[in-house]
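This report describes strand pairing and aromatic contacts in one structure. Please consult the sequence and the model shown below.

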Amino acid sequence: GGPARGGGVLPPPRRGSEGVTREGVRALSAAPRKKLPERTAKVVCRCGTLLYKYAKNGNGALVKCWVERIREDFTEAPCICPKCGSTFARPAMIRGRPAYKIIGGKARLG
């Protein structure tokens, strides 16, 4: 549609408008909440070894672990299972915070 239908060209983004959608509504970010969740979840390797005790929000699948939320770390080297030696995650910086991105199927909630 043209300008009469509400379409047209968008103005250039304003400075400091990251995280704001076109309608001016604040977009959701995946950055963790400042307050840690009450729930502690066990993160286990597919071989069954306990890797982390982790403060997890919600009840969805485990996609990433924010480093600041790991309550107990049972690994000897980051992202490597101490028993079977498989790499279960990749270190990443997500929105300026360190996190481990879980490789599909290699670690799960126990």
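Are Tyr52 and Phe88 buried or exposed? In this predicted model, Tyr52 is buried, as is Phe88.

## Aromatic cluster

Two aromatic pairs are counted. In one of them, Tyr52 meets Phe88 edge-to-face, with 5.8 Å from centre to centre and 70° between the planes. Tyr52 belongs to strand E2, whereas Phe88 sits in the loop between E4 and strand E5 (89-94), so this pair ties together parts that are 36 residues apart in sequence.

Tyr52 also pairs with Tyr100: the ring centres are 6.2 Å apart and the planes lie at 10°, so this pair is stacked. Because Tyr52 is in strand E2 and Tyr100 is in strand E6 (residues 97-102), the contact ties together parts that are 48 residues apart in sequence. Tyr100 is buried, like Tyr52. Through these ring pairs, Tyr52, Phe88 and Tyr100 are linked into a cluster.

## Strand pairing around E2

Strand E2 (residues 50-55) runs antiparallel to strand E1 (residues 40-45), and five bridges join the two. Within this pairing, Thr40 has Ala55 of E2 as its bridge partner. E1 and E2 form a hairpin with four residues between them. In the turn, Gly48 has a positive phi of about 100°.

E2 is also joined to strand E4 (residues 70-73), again in an antiparallel arrangement, by three bridges. Here Tyr52 has Asp73 in E4 as its bridge partner. Tyr52 thus takes part both in this strand pairing and in the aromatic cluster with Phe88 and Tyr100.

Notes
Residues numbered from 1 in each chain as written. Predicted model: local features only at pLDDT ≥ 70, side-chain atom pairs only at ≥ 80, totals over all residues. Heavy atoms only, no water. Pairing = 2+ DSSP bridges. Phe/Tyr/Trp six-rings, centres within 6.5 Å; stacked < 30°, edge-to-face > 60°. Buried < 20%, exposed > 50% of the residue type's maximum accessible area, 1.4 Å probe, protein only.
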